[in-house]
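Q: Pick one part of this model and take me through it up close, please. After that, tell me what the rest of the chain looks like around it.

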Amino acid sequence: SFFAEKEIIEPRYIEVYQYGLEQIISTFYSLLTLLIIGLCCNAFLETILFSVFFIVLRHYAGGYHADTYLGCYLSLIGIFIAFLAVIKFVPQWIQFPLGIGFAVAGGIIVACLSPVEHKNRPLSDYEKVHFKKFAWIVLAVEILVSALLIPYFEGNLAFAGVTCIFLMAVLQLLALVKNRE
């Protein structure tokens, strides 16, 4: 209300600005937490890749939504820890065939299900077409980037990229289950 009193914003937009500020703060703390965990696990590049792949694909593809900010935060941290566990503990010799499986399965699921709606944010017919198209484009770019990373970093970043796509598909499936409740 400080900004409304100073006539910087109109009083009718206070809730919109509050929500936007909450989103910015939540995103900042989430990314900061991912970065700290990633650094502690000696996975800086993987953390950057996860953050970019996950945020961009999730924006267009949709997926599981927690009911609270804390639930969202903890879900993200849980998915990220699962991501780190997979990329750190899956033996090198199995990463390539498993990565192909992740790319194919995750790619098919994300392509078929996108966009997954949330009950609090239904999509118009135009938005459904728009988000599906961009989800496919983002998915294709992420798979291509992952493939191009195979020769570098012993294939670890390539495996990290397709693991992120696969986890995104898992979140879409979880959203479908939750939305049926």
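A: **A close look at one helix and its neighbours**

Let's start with Val86, which touches Phe102, Phe159 and Thr163 once residues up to four places away in sequence are left out. Keep in mind that this is a predicted model. Val86 sits in helix H4, and with a relative accessibility of 23% Val86 counts as partly exposed. Since buried means under 20%, Val86 falls on the partly exposed side of that cut-off. One of its partners comes from well down the chain: Val86 and Phe159 are 73 residues apart in sequence, yet their C-alpha atoms are 9.3 Å apart.

That pair is one piece of a helix-helix contact. The axes of H4 and H7 come within 10 Å of each other and cross at roughly 140°, which makes H4 oblique to H7. The crossing of the two is right-handed. On the H4 side, the contact is made by Ile79, Phe83, Val86 and Ile87, while H7 brings Phe159, Ala160, Thr163, Cys164, Leu167 and Leu171. Sort the residues of this H4 and H7 contact by class and you get 9 nonpolar, 1 polar and no charged residues.

H4 also packs against H2. Here the axes of H2 (residues 14-40) and H4 (residues 69-89) come within 11 Å and cross at roughly 25°, so the two helices are roughly parallel to each other. This crossing is right-handed too. H2 contributes Tyr19, Glu22, Gln23, Ser26, Tyr29, Ser30, Thr33, Leu34, Ile37 and Gly38 to the contact, and H4 answers with Tyr69, Tyr73, Leu76, Ile77, Phe80 and Leu84. The mix for H2 with H4 is 10 nonpolar, 5 polar and 1 charged.

One of the polar residues in there is worth a stop. Ser30, in helix H2, is buried, with a relative accessible area of 10%. Beyond its sequence neighbours up to four places away, Ser30 touches Tyr73 and Leu76, and both of those belong to the H4 side of the contact.

Now for the core. The largest nonpolar core has 36 residues, and those touching the most other members are Phe50, Phe54, Leu57, Phe80, Phe83, Leu84 and Val110. H2, H3, H4, H5, H6 and helix H7 (156-180) each supply at least two residues of this core, with the largest share, 11 residues, coming from H7. In soluble globular proteins, nonpolar side chains tend to be buried together. H4 residues on that list also turn up in the contacts above: Phe83 takes part in the contact with H7, while Phe80 and Leu84 take part in the contact with H2.

Leu57 is a good core residue to click on. Leaving out residues up to four places away in sequence, Leu57 touches Gly62, Val110, Ala135, Val138, Leu139, Glu142, Ile165 and Met168. Among these partners, Val110 is itself one of the core residues with the most contacts to other members.

Over in helix H6 you'll find Phe131, which is buried at a relative accessible area of 13%. Not counting residues up to four places away, Phe131 touches His59, Tyr60, Pro115 and Leu123. Follow that to Pro115, in the loop between helix H5 (92-113) and helix H6 (125-148): the peptide bond from Ser114 to Pro115 is cis, with omega near -10°. For a sense of distance, the C-alpha atoms of Phe131 and Arg12 are separated by 29 Å, with their positions 119 residues apart along the chain.

Another loop has its own backbone detail. Asn42 lies in the loop between H2 and helix H3 (44-61), and its phi is near 55°, a positive value in a residue other than glycine. Is Asn42 buried or exposed? Asn42 is exposed, with a relative accessible area of 66%.

Finally, zoom out. The protein chain has 7 helices and 0 strands, so the pattern along the sequence reads α-α-α-α-α-α-α. The C-alpha trace spans about 60 × 40 × 30 Å along its principal axes. Of the 181 residues, 37% are buried. Among contacts with a separation of 6 or more, 77% are between residues 24 or more positions apart. The Val86 and Phe159 contact we began with, with its 73 residues of separation, is one example.

Methods:
Residues numbered from 1 in each chain as written. Predicted model: local features only at pLDDT ≥ 70, side-chain atom pairs only at ≥ 80, totals over all residues. Heavy atoms only, no water. Axes fitted to C-alpha atoms, helices over the stretch in contact; angles between N-to-C directions. Helix = DSSP H or I, 4+ residues; strand = E, 2+ residues; numbered from the N terminus. Parallel < 35°, antiparallel > 145°, perpendicular 65-115°, else oblique. Left-handed = near helix turned anticlockwise from the far one by under 90°. Contact = heavy atoms within 4.5 Å. Nonpolar A, V, L, I, M, F, W, Y, C, P; charged D, E, K, R; others polar. Buried < 20%, exposed > 50% of the residue type's maximum accessible area, 1.4 Å probe, protein only. Core = buried A, V, L, I, M, F, W, Y, C linked by side-chain atoms within 4.5 Å.
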